[in-house]
Each structure stands twice: as C-alpha cells, then as structure tokens.
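Hello,

Here is the structure I promised to pass on to you. Please open it alongside this email, and I will walk you through what turned up.

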Amino acid sequence: LDYTEGQGWHDGRIVPYQPILLDPSAMVFHYGQTVFEGMKAYITVNGEVSLFRPERNFARLNASNARLCIPTIDEELALEALKQLVKLDRDWIPTAENTSLYIRPFIIATEPYLGVSPSKKYQFIIIMSPVGSYYAEGINPVKILVEKQYVRAVAGGTGEAKTGGNYASSLKAQEVAAKEGYAQTLWLDGRENEYVEEVGSMNIFFKINGTVVTPALNGSILPGITRDSMLQVLRKHNIPVQERRISITEIIEAHKQGTLEESFGTGTAAVISPIGQLKFEGTEYVINNGEIGEVAQLLYDTLTGIQYGKLEDVYSWTVIVK
Ligand code: PMP
C-alpha cells in the first residue's frame, strides 16, 4: 500500500516476496521515519488459522504513526489485507508445537529528500516468516542484565512507539549483555536511572510477596499487547496485581529478604519467558532457584492454550481467519 500526499493511501496489492526499489535519498534511510508491528498467526488444534488480538496491533501502529508524523492507516483495511495474505500463505504456517507464522507489518518514509521534515510519501508493507520458539532454551528461565550505562528511552521521547530508532539505540547494551552471556537487557528509566522499564523485546513482571507488579505505562515503555492480556488473566484469577513504578532497589531488597518470588517477561515473540537470573552492578541474583514459577506457568498455559485453541477463549481475543 502506498501513500502520496494529496492522494492518501492507495494501490493496495499482494505481490511475491521480493526486494523493493528505493531512492538512495529515501528519507527512511537518513532520518529513521519508520514504524512496525510484530504479531503471529497460529494453527489451532482444530486446524483453523488464528490471530491474537490483531486489531490491537493495528491500533498501536497508528499510535506509533501519530508519534512519528506518519499518516494514519485504515485499521480495518489493514486487518482485511492481513487476513487475505495469511490465507494465501496458509501452507507456510508451521504446525509443530509452539511454532507460528511471525507477521511484520511496517511503514517506511520513501520520499527522496535530504532535509529533516515528515516525508510526503510512504509504503506500508506486511512480510511474514515461519518461526519456532523464541528462545533456544524454550521456556527455560533466561538471564537478564540490568543496564546502567545506556538508556533506551526517556519520557517525551519515542519509547512508547514501535519505531526502529528505539531498537537502534538498544543495540550497544544488547551487545554488552550478549558478551557476558545474558539473553537481554533490563532497561531503567532515563532520568533517575532507578525505575524499571522493560526488557529488550518484552515487558517485565515481578511477583513480590504474593503480589504481581509490573511497571505502569509512562510514555517511554512499549504498551505490550501480551502485557495487557496477562494483566486481564491475573485479575480474572484474583491474583493481586499492581501497575506502578518499581525501583531496582526495591527488587534487590525483595531478593535479599526472600520475597522476590518470580520474575518473567511477556511479548509476542517471547510469549512468557521466566527470568531465572538478574545481574545488577556486578552481582548475580538468582530468582526462584532459576526455575519457572507458578504464575509464569499459569500465564504461559493460558496464553498458549488460547492461541492454539486448546482452551476456551473467554476473553474473545482470537480472530479466526476464514
Ligand atoms: N517491549 C518491547 C521493546 C518490544 O519490542 C516488545 C515486542 N513487541 C514488547 C515490549 C512486548 O510487546 P507485545 O506483547 O505487544 O509483543
């Protein structure tokens, strides 16, 4: 789908996967005006094709568009296009346990112009690829490095938008974490360097003394769709939950007192990933003996159960592609 100023979005089409031709001065290459989404299609136990809350992804894409001065897309049209595409590629959706078709909708600024201003031309593209489990270790707990030197996002920045620049700014810390044997970075707030924000590609939760806490959305955290869904599951199960500011000091203190019972991340790709170890200022803190906790297991079973049609979808999250 193309956008041209004055004409709006036009020329929607499905073409075979192939390179696209862009002018070397296309604005996306220079000023990073781009947004994207990450979602999945699953084959259910009944052999149907299901999408998980896809309307939320297109709503978030438009929220990112607004922040990046990219024109709004028609969310219903985008979902209809996605359904057509998924139907066409039905045979590419893997059926083995915990596999899916990863879907990447994205928009790029294509106007050839070397000046910092919003582009007058865009392309909206959806690509897809079969994927297995996100972590090589499967649902085994991951090790996370708490980042103090680099900052991903600050209030007023683009942190809550899903835009390439946020990921570019996270690469250096990710490289450092990987060299030390850590799967991902845990970001702190950019101002006081004290409050927990999120992990590289997931939102983070802690269970402290029986209460599940997750950082409140504050403008610099990506509003994860899995995060929102899991908050609903927790509330339905009457598990006490809080969305609030959480300092890293509070986490370390809870660990010292033995009340940090669990930690896990949530995300489309990461599903529910238990966190078995946090490293902060050179000290390693093992959580729940490095094992998956009860709450993480409940959420994992509920989420994948609904996604693969093994559990009744009492939340009406599933969209079956017919
Ligand atoms: N935070 C970041 C930075 C992410 O990239 C993702 C993955 N989209 C998430 C959180 C989780 O969001 P979601 O549950 O919508 O996949």
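Below are my notes, going from the domains to the ligand and then to some single residues.

Please keep in mind that this is a predicted model.

**The two domains**

The domain assignment splits the chain into domain 1 (2–131) and domain 2 (142–307). Their C-alpha centres are 27 Å apart. Where they meet, 20 residues of domain 1 are in contact with 13 residues of domain 2. On the domain 1 side, two or more residues each come from strand E3 (34–36), strand E4 (39–43), strand E5 (49–52) and helix H2 (54–67). H2 gives the most to that side, with 6 residues. By character, the domain 1 side divides into 7 nonpolar, 7 polar and 6 charged residues.

**Lys162**

If you look at one residue first, I would suggest Lys162. An unreviewed UniProt entry lists Lys162 under "modified residue: N6-(pyridoxal phosphate)lysine". In the model, Lys162 sits in the loop that runs between strand E8 (142–146) and helix H4 (164–168). Is Lys162 buried or exposed? Lys162 counts as buried, because it has 23 C-beta neighbours inside 10 Å and the cut-off for buried is 20 or more. Leaving aside residues up to four places away in sequence, Lys162 touches Val35, Phe36, Glu37, Arg60, Ser64 and Leu222.

**The ligand and helix H6**

Which residues are closest to the ligand? The shell around the ligand has 13 residues, and the closest are Gly224, Ile225, Thr226, Gly267 and Thr268. Helix H6 (225–236) and strand E14 (260–267) each supply at least two residues of this shell. The largest share, 3 residues, comes from H6. The shell divides into 3 nonpolar, 8 polar and 2 charged residues.

H6 itself has 12 residues and spans 17 Å from its first C-alpha to its last, close to the 16 Å expected at 1.5 Å a residue. The buried residues in H6 are Ile225, Thr226, Arg227, Ser229, Met230 and Leu234. What do the buried residues of H6 pack against? Their partners are H2, strand E11 (203–208), strand E12 (211–215), strand E13 (241–244), E14 and helix H8 (294–307).

**Two residues with positive phi**

After H6 comes Asn238. Asn238 is not a glycine, yet it has a positive phi of about 55°. It is found in the loop between H6 and E13. Asn238 counts as exposed because it has 7 C-beta neighbours inside 10 Å, and 12 or fewer is the cut-off for exposed.

Asp11 is another non-glycine residue with a positive phi, near 55°. Its place is the loop between strand E2 (8–10) and helix H1 (27–31). With 10 other C-beta atoms within 10 Å, Asp11 is exposed.

**Other residues you may want to look at**

Glu192 is found in the loop between strand E9 (184–188) and strand E10 (196–199). It is exposed, with 9 other C-beta atoms within 10 Å. Along the chain Glu192 and Ser247 are 55 residues apart, while their C-alpha atoms are separated by 9.9 Å.

Helix H3 (residues 75–88) holds Lys83, and Lys87 is in helix H3 as well. How do these lysines come out on burial? Lys83 counts as partly exposed, with 18 C-beta neighbours inside 10 Å. Lys87, with 12 other C-beta atoms within 10 Å, is exposed. For distances, the C-alpha atoms of Lys87 and Val49 are separated by 8.3 Å, with their positions 38 residues apart along the chain. The C-alpha atoms of Lys83 and Glu281 are separated by 47 Å, and these residues are 198 apart along the chain.

**Where to start**

For a quick tour, you could begin at Lys162 in its loop between E8 and H4, go on to H6 and its 3 residues in the ligand shell, and finish at Asn238, which follows H6.

Happy exploring, and do write back with any questions.

Best wishes

Terms used. Residues numbered from 1 in each chain as written. Predicted model: local features only at pLDDT ≥ 70, side-chain atom pairs only at ≥ 80, totals over all residues. UniProt positions renumbered as here; feature names shortened; annotations may be inferred. Helix = DSSP H or I, 4+ residues; strand = E, 2+ residues; numbered from the N terminus. Contact = placed C-beta atoms within 7 Å. Domains from an automatic or database assignment. Nonpolar A, V, L, I, M, F, W, Y, C, P; charged D, E, K, R; others polar. Near = placed C-beta within 6 Å. Expected span 1.5 Å × (residues − 1).
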